[in-house]
Amino acid sequence: MLQLRKQVAGVIREYDLFSANDRVLIGVSGGPDSVALLSLIHNTSRTDPPYSEIFIAHLNHSIRGAESDEDERFVTALAERYGVPLITEKRDIVEIARERKISLEEAARDERYKFFESAAEKTGASVIAVGHNADDNAETILHRIIRGTGITGVSGIRPKRKLTSKSTISLVRPLLFTWRKDITAYLEEENLSFRVDSTNIETDKLRNRIRLELIPHLEENYNAKIKKSLAMLGETALQNSDYLEAKAKALFDDVLINIEASLETIVLDINRLRESPQILQQMIIKEAIVRLDIPLKKLSNRNYKEILNTLNSGKTVVNSVVKEYLNVRVEGNELHLSKNRYCADETPVLSETEIKVPGETELVDMNCRVKTEVREIKNGFLEEFKQNKTSYEEVVDFNKVSTPLSVRTRKPGDRFQPLGSRGLKKIKDFFIDNKVPVMERDTVPIVTMNGEPIWIVGFRIDDRIRVSEETTNLLVMKFEMITTNK
């Protein structure tokens, strides 16, 4: 299939997918698309190499048990056949999806791209190539139309984009303009075997039903070339979307008042923002969300309308939270967009960690450390401590404490006895009473003893471990941020 090789080589050149200086990491699942992609890219090196070196990356997601393990063995043999270095990793996607309370498909996609990024860093690759084809693009556009989307969604899959908004690694799709039937013909002609994912024929998934039922129905009864029509729609929408995004990025600097050094708040000029058409207002907001590193997939078109309604409310001070990811605040002529600093992570903000007593414990997830020491009550230490302590420092009766102590974030049903009270209180209710913003509640560290909260860091200790007249030994606990010199 010389024609297909020329087509893919042309796509690589036209869209500048990678160059002779790039190391390219090819994501290979073992399926037909990725096997064809590996073969086509590998064969281009025989004449005019468009890259400096290639690697194969394979993630064993464990979803299909023995089948997934067989996929890994197949890709390992494929790498040996082509003489290409291979990086593999195994992750329990089912367990990850359960822990994060998301679908298997979303967990698999997230973990796959995390693995690709890690593998690219290990190999020094600047480009990751994956096997999405023209059929995938048409199915994606139709899927998004059914679920509801805007012009960006109708644009479909891009041939090249950054892996993440802040990444220097490119994600490319050399087969994006190649139809599945042509890939199948290429594999047959080259006598290349591949693996078949049994989950691709399960009709309980919307994406599969679109591919197996809806598109064939549309082809037979409405438009035999529906996939080409969808691809053309995507191409036109992409051109329009790119133009609008370029305009929005240019206008962004005009309406920007301030970006906090921490990149957790962006302040925009409301009057300047209102001068733009509403579609550009929305895209300027989108640009701010990208710069805040909030995943765009977390916000729907309805959420953008909610933000624009807040923007145009005319009230002096308006506060709202959008899907617990974004805090929107209007102050006079200023629109403040603030992120929950852990919102981009699907994993818990802080996994349960045992605290050294006495000693020092680093909490990498929160970029802070916990220092503890045991002191006797003498020489006025307690009085001096109380006068100078911050809300991130506490002292308790060491004799009332049983080690080990741990620190984590809240769990459903957590209760404690706030200092000065006589009964237990749900931490959820404590946060409500103390007006802790919803988007911050899952980021508050909690020190626990025997699995039960004894200190809501920054707020209150448990009354049962308080210092009393009978106290002789003190446990001093202190949370502090880890600073790095640049």
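In this predicted model, helix α6 (residues 134-147) packs against helix α10 (residues 226-255), the two axes lying 9 Å apart and meeting at an angle of about 75°. Because angles of 65 to 115 degrees count as roughly perpendicular, α6 is described as roughly perpendicular to α10. On the α6 side, the contact is formed by D135, A138, I141, L142 and I145; α10 contributes K227, L230, L233 and G234. Sorted by class, the residues in this contact comprise 6 nonpolar, 1 polar and 2 charged.

A second region worth a visit is an open sheet. Its 4 strands follow the order β13-β14-β22-β15, and the pairing is antiparallel. The edge positions belong to β13 and β15 (393-397); each has a single partner strand, so one side of each is left without a neighbour in the sheet. From one strand to the next, the twist averages 20°.

The sheet can be followed strand by strand, starting from β13. Strand β13 (residues 359-363) is joined by 5 bridges to the antiparallel strand β14 (residues 368-376). Here L363 faces C368 of β14 as its opposite residue. The hairpin that β13 and β14 form has 4 residues between the strands, and N367 in this hairpin adopts a positive phi near 55°.

On the way across the sheet, β14 meets strand β22 (residues 473-481), with 9 bridges joining this antiparallel pair. Within the pair, V370 stands opposite F479 in β22. Strand β22 also runs antiparallel to β15, to which 5 bridges join it. There, the residue opposite E393 is K478 in β22. A helix accompanies these strands: α14 (residues 381-388) lies across β14, β15 and β22, and runs at about 145° to β15.

Stepping back to the whole protein, the model contains 15 helices and 22 strands. Along the principal axes, the C-alpha atoms fill a box of roughly 90 × 55 × 45 Å. Of the 486 residues, 46% are buried. Among contacts with a separation of 6 or more, 68% come from residues 24 or more positions apart. The exposed area of the protein is about 25,200 Å², of which carbon and sulfur atoms supply 48%.

Methods:
Residues are numbered from 1 along each chain as its sequence is written. This is a predicted model: local features need pLDDT of at least 70, side-chain atom pairs count only at pLDDT 80 or more; totals for chains, interfaces and linings use all residues. Side-chain values use heavy atoms; hydrogens and water are left out. Two strands pair if DSSP finds at least two bridges between them. Helices (H or I, at least four residues) and strands (E, at least two) are DSSP runs, numbered from the N terminus. Axes are lines fitted to C-alpha atoms, for helices over the stretch in contact, and angles run from 0 to 180 degrees between N-to-C directions. Contact means heavy atoms within 4.5 Å. Angles under 35 degrees count as roughly parallel, over 145 as roughly antiparallel, 65 to 115 as roughly perpendicular and the rest as oblique. Ala, Val, Leu, Ile, Met, Phe, Trp, Tyr, Cys and Pro count as nonpolar, Asp, Glu, Lys and Arg as charged, and the others, Gly among them, as polar. Buried means under 20% relative accessible area, exposed over 50%, partly exposed in between (1.4 Å probe, protein chains only). Accessible areas come from the Shrake-Rupley method with a 1.4 Å probe; for residues, only the protein chains shown count as cover.
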